[in-house]
Amino acid sequence: TVGETVEFYADLTMPKQVPKKMRQKAVSERLQSVGLADKEAKFVGGRLPGGFSIRGLSGGERRRLNIAAGVVHSPPLVFLDEPTSGLDAFSALCVMESIRALARAGHVVACTIHQPRQAIVAMFDKVLFLACGHLVYNGAPSGLKDWLMSSKLWDQDRALTTSITDMVLDCITVGFEKPPHIYGMHTLRVEKDVEELAEAYNRSAPKAHLGGTSLPPVSRLVHERPGFVRQYCTLQRQQLRSTLRSPGTLAARVGLHLLTGILMGCVYYDMELSYIQKPTGLRRVLPLPLQPHSSMPENRVGVLFLMALAQTVTPNCAMPFFIDDRQYYTKESAARLYGALPYHLANAVSEAVVCAINGVLASGIATYLAGLPLSGQWFSTMAFLVSHHMCSSALVQMCARLAPNQDVAFVLSAGYIIVCMLFANIVVKVCTVTPYLAWIRWGTFMYFSMAGLIEVEFQDTMEQGYPAGERAIEGFLIHYDYGDETYTLHKESCFLIVWCFYTLFSSIGFLALKFGSKSQV
């Protein structure tokens, strides 16, 4: 909203010693000064991450809001670059009235403005006119007529139908044809005329300078800006607001995971529980080791792989959000509102909340309907799948920050996911891969996620007193040699390694954000 926007800038720019009540008072005063006090609870509007748009303030109101946000911390000097560009005449006048109020409150305001109307020029204490890079006038707006007359540019006939400001602009603008019946006879036509006018002005006013106007004293606080903690808390509130109010985040992402969970749960509803086929005929008298085995272990492993793969792929639907997020950070960091670390942490916490909700939603529904896990360790299965989903989200966000555009980011993310599928030790056993490529498995987090998930699925499961679960697990355990010893990674180690991958992806994403997101302003 309008009020939240100015409050956001107040929290990040006002000195850390200023109490909350004073910051809120400053927000109200700034909104009052720019004429937006009655719109404090209104949405700003515009384009949201993901391409959604909502209606809000008009163009002139947004410009005034920008001014209020930029001066909420009472800066002694304010530079404005074309504050009225793109606005209609009335909106431009409203914006300049807000700027004039700032000047009367003790701020030194300097702004560039093109094609101003007479009422706007009259608001300034001092104006400078430039033509072809030369200073041709510097003084009060009330002195423009005398300057035109002394420069022999005054046209009495045009003065009857044209404002003084328009007459000045028409006179000093060169480089195009100027018909006498439109522009009169007293005007500049070539750049040489401008140079002569500038030289004549400099001779007649050699002591003219920008600081001639007496301005009221400016009171300001010279303390440091807020530190890391307040930056993080402010950014965290902003991230949660953006997440909860963005229909793309809630509807698209949460809806996709809900649909995925229901679809997978219905397809694999109530899976088989026995390791052996149901005996018929003479097979009933055979001992357990001779009973024909069922496809239950392979089926459950396949379902776990598909669930993990779904949790790996679905974060890619948030790629546009991550790309937009990087662009917003680039713009705001140019103003040095906050550091990269508090922004990254706030973003990571918000994304972790969304991933946890989505992961629990999709995995919880699918595992419940399919009857997973066989061991009954449901919370362990959920912990693996949610952690795997968060790791995948960190991967996609890292690609979005490393890549120059969205297309390249998709290629990086999809390429890594394909490598994960190849070396997950499910479709093809890693032991059958050529040794020259087998080492790649150590760089894929799905390899460890699947090993941990399968161990949780079948751990301590029995078939008529026989530890059939241990036999199902054996083919998926991760073994590695260190010296003369062979070690095995169990579910606890695999879970920890998945989080190490998350930390790695998140750290690379932070470095890309800090050093790769450079503003072009």
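**Salt bridges, cavities and a surface patch**

Arginine 104 counts as partly exposed, because its relative accessible area is 44%, a value between the 20% and 50% cut-offs. This comes from a predicted model, and the same goes for everything that follows. The side chain of arginine 104 meets that of aspartate 125 in a salt bridge, with 3.1 Å from N to O. The pair links distant parts of the chain: arginine 104 sits in helix α4 (residues 89-104), while aspartate 125 is in the loop between α5 (118-121) and β5 (127-131), 21 residues apart. Aspartate 125 has 39% relative accessibility, so it counts as partly exposed too.

In total, the count comes to 8 salt bridges. Another of them joins aspartate 11 and arginine 23, whose closest N and O atoms are 2.9 Å apart. Aspartate 11 belongs to helix α1 (residues 2-13) and arginine 23 to helix α2 (residues 20-33), so this pair ties together parts that are 12 residues apart in sequence. Both aspartate 11 and arginine 23 are buried. There's a bit more going on here, as Asp11, Arg23 and Arg237 are linked in a network of salt bridges.

Next up is the salt bridge between arginine 300 and glutamate 457, at 2.8 Å from N to O. Since arginine 300 lies in helix α13 and glutamate 457 in helix α19 (residues 445-458), the pair ties together parts that are 157 residues apart in sequence. Arginine 300 and glutamate 457 are both buried.

Now for the empty space inside. The model has 4 cavities of 30 Å³ or more, and the largest has a volume of about 110 Å³. Its lining takes 15 residues, with Ala348, Ala394, Gln397, Tyr502 and Ser506 nearest the centre. Helices α15 (340-370), α16 (378-402) and α21 (491-516) each supply at least two lining residues, and α16 gives the most, with 6. Sorted by class, the lining has 8 nonpolar, 5 polar and 2 charged residues.

The second largest cavity holds about 60 Å³ of space. Among the residues lining it are His257, Met264, Gln311 and Ser363. Here α12 (247-267), α13 (296-313) and α15 each supply at least two residues, with α12 giving the most, at 4. This lining has 5 nonpolar and 6 polar residues, but no charged ones.

Finally, on the outside, Trp439, Trp442, Tyr480, Tyr482 and Tyr487 make a nonpolar surface patch of about 590 Å². One of these, tyrosine 482, lies in strand β7 (residues 478-482) and counts as exposed because its relative accessibility is 62%.

Conventions
Residues are numbered from 1 along each chain as its sequence is written. This is a predicted model: local features need pLDDT of at least 70, side-chain atom pairs count only at pLDDT 80 or more; totals for chains, interfaces and linings use all residues. Side-chain values use heavy atoms; hydrogens and water are left out. On a 1 Å grid over the protein atoms alone, a cavity is a set of points where a 1.4 Å probe fits but cannot get out, and a pocket is an open set with protein on both sides within 12 Å along at least five of seven lines; lining residues have an atom within 4 Å of a point. Grid points are joined across faces, edges and corners, and a volume is the space filled by probe spheres set on the points. Ala, Val, Leu, Ile, Met, Phe, Trp, Tyr, Cys and Pro count as nonpolar, Asp, Glu, Lys and Arg as charged, and the others, Gly among them, as polar. Patches are made of residues with over 30% relative accessible area and no salt bridge: like charges are joined within 9 Å, nonpolar side chains (Val, Leu, Ile, Met, Phe, Trp, Tyr) within 5 Å. Accessible areas come from the Shrake-Rupley method with a 1.4 Å probe; for residues, only the protein chains shown count as cover. A salt bridge is a side-chain nitrogen of Lys or Arg within 4 Å of a carboxyl oxygen of Asp or Glu. Buried means under 20% relative accessible area, exposed over 50%, partly exposed in between (1.4 Å probe, protein chains only).
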